[in-house]
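Trainee: I've got the model open and a few things I'd like to go through with you. Can we pull it up and take it piece by piece?

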Amino acid sequence: MVQYWPEFLSLAIIHFVAVILPGPDFVITVRQSLKYGRLHGTMTALGIGAGLSVHILYTLLGVGALMQASPWVLQVAKLIGAAYLIYIAIQLLKSAGTIQLDAENAQADVSSQSLKKAFSLGFLTNATNPKATLFFLAVVTNVVSQGTPLHIQLFYGTWMCSVNALWFICVSLVFSAPSSRAWFLNKMNLVEKALAVLLMAFSLRLLIA
C-alpha cells in the first residue's frame, strides 16, 4: 500500500474538493434536512455515499474507458442524469406551491416520507449525477494507474464513498440544527423554489457544457 500513497493522496484531495463544491447532492441534502429533519437528512447523505459506488463499479468494469472512447455513451449518461435532476426540480416546485411548513407542524411532515425513500433519493441523485460521471472519467481514469491492483482500487472507492457520506452528514447536521431549521422552515416555499432553480441550473449547465 505504501507505494500507492502518492496516487491515493492525489485522488483523495481532488475528490474532496469536488465533493465540497455545491451541486445536486448538496441541494438535495439541504432540502431533506430542512423539510424532514436530521434523520432523513442523514439517510439521504448515506444514500449519496452509496450512490457513488455505481460510478466506482462501472469504472472498475472498464465502462469508463468505453465512455471515453464512445462520446455518445457519455452523452446518454448526461441526458439521463440531467433529466432526473429536472424531474426533482419540478417536484420541488410543486411542493413549494402546495406545502406550508412551520416549526410547529414540521414534525408531522416527517411521516410523509419513509427513511427508505430518503436513502433512495440520495442514492439516485448521486448515481445519475453527470458531475460524478465526468469526475470519474476525467480524474479517476487518469490519476489511478491501470497497474493499480483491484483491492487497492476498491480501497480508493470505499474511501470516496465514506467521504461523500460523511461530508453530507455534516451538511445535514448544520441545516437540521433547531435554530437554523426553525428560521428556514418559516420560509420553506421560497427555499424550495430557490433549490429547484439551482437544480435546473446545474442540469442545464451540464447539458450545454
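Trainee: In the largest nonpolar core, which residues touch the most other members?
Mentor: Keep in mind that this is a predicted model. The largest nonpolar core has 17 residues. Helices H1 (5–20), H3 (38–60), H8 (130–143) and H9 (150–175) each give two or more residues to this core. The members touching the most others are Leu11, Leu52, Phe135, Phe136, Val140, Tyr156 and Met160.

Trainee: And how many residues are in the second, separate core?
Mentor: Val19, Ala45, Phe168 and Ile169 are among its members. The full count for that second core is nine residues.

Trainee: What does the secondary structure of the protein chain come to?
Mentor: Read along the sequence, the pattern is α-α-α-α-α-α-α-α-α-α-α. That tallies up as 11 helices and zero strands.

Trainee: How much space lies in the largest cavity?
Mentor: The structure holds one cavity of 30 Å³ or more. Its lining includes Leu11, Ile56, Phe136, Val140, Tyr156 and Met160. The space inside the largest cavity is about 80 Å³.

Trainee: Which element gives the largest share of that cavity's lining?
Mentor: H3, H8 and H9 each give two or more residues to the lining of the largest cavity. The largest share is four residues, and the element behind it is H9.

Trainee: How do the lining residues of the largest cavity divide into nonpolar, polar and charged?
Mentor: Thr59, Gln153 and Gly157 are in the lining, and Thr, Gln and Gly count as polar here. Leu60 and Val144 line the cavity as well, and Leu and Val go in the nonpolar group. The split is eight nonpolar, three polar and no charged.

Trainee: Where does UniProt place the feature "transmembrane region"?
Mentor: The entry is unreviewed, and such annotations may be inferred rather than shown by experiment. In the model, residues 12–30 are 84% helix and 0% strand, with the end C-alpha atoms 24 Å apart. Residues 154–178 come out at 92% helix and 0% strand, with the end C-alpha atoms 38 Å apart. The UniProt positions are 12–30, 42–66, 72–90, 154–178 and 190–208.

Trainee: Is cysteine 161 buried or exposed?
Mentor: A search of the whole structure finds zero disulfides. Cysteine 170 is partly exposed because its relative accessible area is 42%. Cysteine 161 has 15% relative accessibility, and the cut-off is under 20%, so cysteine 161 counts as buried.

Trainee: What about threonine 42, and why does it count as buried?
Mentor: Threonine 42 is in helix H3. Its C-alpha is 9.1 Å from that of leucine 166, although the two are 124 residues apart in sequence. Threonine 42 counts as buried because its relative accessible area, under the 20% cut-off, is 19%.

Trainee: How far is the C-alpha atom of tyrosine 87 from that of alanine 196?
Mentor: Tyrosine 87 is found in helix H5 (residues 71–98), and at 45% relative accessibility it counts as partly exposed. Along the chain, tyrosine 87 and alanine 196 are 109 residues apart. The C-alpha separation is 9.7 Å.

Trainee: Last one: what share of the protein chain's residues count as buried?
Mentor: The protein chain has 209 residues. Threonine 42, at 19%, is one residue that is buried. For the protein chain, the buried share is 49%.

Notes:
Residues are numbered from 1 along each chain as its sequence is written. This is a predicted model: local features need pLDDT of at least 70, side-chain atom pairs count only at pLDDT 80 or more; totals for chains, interfaces and linings use all residues. Side-chain values use heavy atoms; hydrogens and water are left out. A nonpolar core is a set of buried Ala, Val, Leu, Ile, Met, Phe, Trp, Tyr and Cys residues joined through side-chain atoms within 4.5 Å. Buried means under 20% relative accessible area, exposed over 50%, partly exposed in between (1.4 Å probe, protein chains only). On a 1 Å grid over the protein atoms alone, a cavity is a set of points where a 1.4 Å probe fits but cannot get out, and a pocket is an open set with protein on both sides within 12 Å along at least five of seven lines; lining residues have an atom within 4 Å of a point. Grid points are joined across faces, edges and corners, and a volume is the space filled by probe spheres set on the points. A disulfide is a pair of cysteine sulfur atoms within 2.5 Å.
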